[in-house]
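User: I have a protein with a ligand in front of me. How do I read the ligand's surroundings and the charged pairs?

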Amino acid sequence: MITLKGKGVYGGIAIGRISFFRRGGVDVRRHTVTDAESEVARFEKAKAQAISELNKLYEKALRDIGESGARIFEIHGMMLEDDDYNDSVINAIRTEKVNAEYAISTTAENFSMVFSSMEDPYMKERAADIRDISNRLVVALAGKKRLEAESSDEARIVCADDLAPSETMQLDRQKVWAFVTAEGSVNSHTAILARTMGIPAVVDVGDELMRAEDGTEVIVDGFSGHVYLSPDQTILSEMRARMEEDRKAKDLLQKYKGMDNVTLDGTRIDIFANIQGLREVGAALLNDAGGIGLFRSEFLYLDRNEFPDEEEQFQVYKTVLQSMGGKKVVIRTLDIGADKQVGYFGLEKEENPAMGMRAIRICLTRPEIFRPQLRALLRASVFGSLAIMFPMITSVKEVMEIRKTVEEVRRELEKKKIPTSPDTEFGIMIETPAAAMISDLLAPLVDFFSIGTNDLTQYTLALDRQNRSVSSFFDPHHEAVLRLIALSAENAHRHGKWIGICGELGSDLALTETFLRMGIDELSVSPAYILRLRDKIRNTDLSDPSAQRKESNT
Ligand code: PEP
Ligand code: MG
């Protein structure tokens with residue numbers, strides 16, 4: 001048995017077998033073949049497998065995200081049938097007598113270079129597609145399947161060096177029981193996704209993980225951050241008992257469904273859910289969320305090759321609003337940038353992406369991206385109780401500009417006789433120290449604030465939330481962060497506005513009482529945390545003044 005120690009990002013135990021997520025998958029080496037025709041046959045067989053994988057992916061995406069999101073898999077299928085591409089691979093095998101893998105990778109290199117050098121941004125983008133389909137072929141030649149196309153019904157523990165948010169999104173939640181990464185940080189969006197998905201996850205276990213074999217039995221303890229490879233009987237029975245305890249604890253929480261979020265002394269607070277897309281609405285409802293406090297709409301833009309158009313976005317927003325049946329739904333406009341990179345946005349590479357062109361900065365400088373999203377949101381507003389929220393605000397000027405754009409978009413819609421709801425709320429995220437410090441000036445301009453504690457901690461403490469080497473310094477309980485939250489709450493209330501917390505700190509039970517005392521009106525957390533938080537609130541008594549928060553020693 002080998003024991004690895006990392007950082008647990010979502011509590012829970014999983015026992016299963018390792019399935020590696022290897023980007024790029026297979027090492028390609030050149031070697032000479034004697035029988036070129038059987039190499040061509042290998043290529044044809046791999047192509048048939050790749051096309052069948054793509055057909056399945058197309059069907060799945062059509063069900064999950066609709067026609068325009070699924071189109072990319074159709075395009076990939078067509079590219080695999082392209083005569084020029086096929087001729088190039090087959091000619092290389094026959095004339096140079098090389099293995100199929102090598103012929104594919106040189107073809108991929110040549111074709112992607114041609115596409116990259118084209119002026120047309122659409123054609124430029126095809127370079128990535130060529131690399132992608134070629135990788136699919138090489139993986140198929142190695143007798144493997146790409147993770148997302150896995151058809152086996154066996155649940156797996158996905159292991160990887162690291163996972164980008166878009167890669168995490170590809171995981172089939174029905175079949176992935178946990179994931180473990182060699183690198184990664186507990187504050188990254190990948191970790192947040194694990195919490196939203198409610199699956200045990202451990203990050204930063206070190207490189208030894210990558211030396212394990214596919215299929216190795218493994219236990220993931222998301223509570224302690226331990227990962228046991230080829231576990232012995234003692235740890236297996238200990239962990240099985242722990243799993244049973246955890247299941248019972250979760251069952252016990254079910255009794256809180258339908259109950260109020262009210263403290264022993266009668267203070268009420270809303271508990272809403274954080275979601276990434278339609279897929280989590282069910283979990284929000286199942287866990288009795290009072291509404292959606294943060295819909296990270298940028299996830300609609302990830303894991304694809306072109307912008308979701310206005311109509312596609314409208315359908316998603318409308319469905320979320322309708323599914324929530326009149327409960328409040330806070331949709332945040334896209335927060336692309338930093339760790340959420342999307343090739344087709346054409347953003348320049350930056351030294352410091354967390355401080356660069358991200359979120360509202362993209363929206364305010366690229367109206368062709370911002371306006372369709374606003375149009376989709378305003379059109380959807382009549383289907384429920386919508387609140388639109390804007391990320392990464394630092395100034396009054398930005399908020400004024402946003403309000404002006406929203407008004408223009410609303411008037412355009414009115415002219416076309418497209419209805420919008422007059423009750424839509426407009427709010428901003430307080431996730432920069434600047435926004436918190438001028439929250440007295442911002443409050444009159446908006447309907448609500450929502451504190452993004454993940455970024456607020458990053459920017460207040462000057463600590464990259466993605467950088468695991470400084471993770472021991474990352475302290476969201478830091479007095480500076482808590483004071484900025486308290487200041488924002490005070491200013492929101494002074495102007496009669498409500499304030500919520502949608503960063504990960506919202507589900508930190510050690511701070512629930514502190515937030516209640518600050519008068520926070522809403523906590524928005526991953527669906528799996530809702531009932532635990534309700535349990536904590538219902539057992540808190542604010543009438544005891546001796547329990548007032550003392551400043552921490554930071
Ligand atoms: C935050 O920064 O706390 C937040 C909720 O936004 P995100 O984690 O998506 O950056
Ligand atoms: Mg943020």
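Analyst: We go through the ligand site, then the salt bridges. Keep in mind that this is a predicted model.

User: Which residues come nearest to ligand 1?

Analyst: Begin with the shell of residues around the ligand. Here 17 residues surround ligand 1, and His 189, Arg 296, Arg 332, Gly 452 and Asn 454 come nearest.

User: How does the shell divide into nonpolar, polar and charged residues?

Analyst: Sort the shell by residue type. Around ligand 1 there are four nonpolar, five polar and eight charged residues.

User: Which atoms lie close to an oxygen atom of the ligand, side-chain or backbone?

Analyst: A polar contact is a pair of N or O atoms within 3.5 Å. Arg 332 uses a polar side-chain atom, 2.8 Å from an oxygen atom of ligand 1. Thr 453 has a backbone N or O atom 3.0 Å from an oxygen atom of the ligand. For Gly 452, a backbone N or O atom lies at 3.4 Å from a ligand oxygen atom.

User: How much of ligand 1 does the protein cover?

Analyst: On its own, ligand 1 has 290 Å² of accessible area, and the protein covers 100% of it. The space that ligand 1 takes is the largest cavity.

User: Which element gives the most to the shell?

Analyst: Helix H7 (189-197), strand E10 (292-296) and helix H16 (453-461) each give two or more residues. H16 gives the most, with three residues.

User: And the charged pairs?

Analyst: Side chains of opposite charge can pair when their charged atoms come close. This structure holds 36 salt bridges. One of them joins Arg 71 and Glu 306, with the closest N and O atoms 3.1 Å apart.

User: What does that pair tie together?

Analyst: Arg 71 sits in helix H2 (residues 67-80), and Glu 306 in the loop between E10 and helix H10 (310-323), so the pair ties together parts 235 residues apart in sequence.

Conventions: Residues are numbered from 1 along each chain as its sequence is written. Chains are lettered from A and ligands numbered from 1 in the order in which they are written. This is a predicted model: local features need pLDDT of at least 70, side-chain atom pairs count only at pLDDT 80 or more; totals for chains, interfaces and linings use all residues. Side-chain values use heavy atoms; hydrogens and water are left out. A residue is near a molecule or strand if one of its heavy atoms lies within 4 Å of it. A polar contact is a pair of N or O atoms within 3.5 Å; within protein, one must be able to donate a hydrogen and the other to accept it, and residues adjacent in sequence count only if both atoms are side-chain atoms. Accessible areas come from the Shrake-Rupley method with a 1.4 Å probe; for residues, only the protein chains shown count as cover. On a 1 Å grid over the protein atoms alone, a cavity is a set of points where a 1.4 Å probe fits but cannot get out, and a pocket is an open set with protein on both sides within 12 Å along at least five of seven lines; lining residues have an atom within 4 Å of a point. A molecule sits in a cavity or pocket if more than half of its atoms lie within 2 Å of its grid points. Helices (H or I, at least four residues) and strands (E, at least two) are DSSP runs, numbered from the N terminus. Ala, Val, Leu, Ile, Met, Phe, Trp, Tyr, Cys and Pro count as nonpolar, Asp, Glu, Lys and Arg as charged, and the others, Gly among them, as polar. A salt bridge is a side-chain nitrogen of Lys or Arg within 4 Å of a carboxyl oxygen of Asp or Glu.
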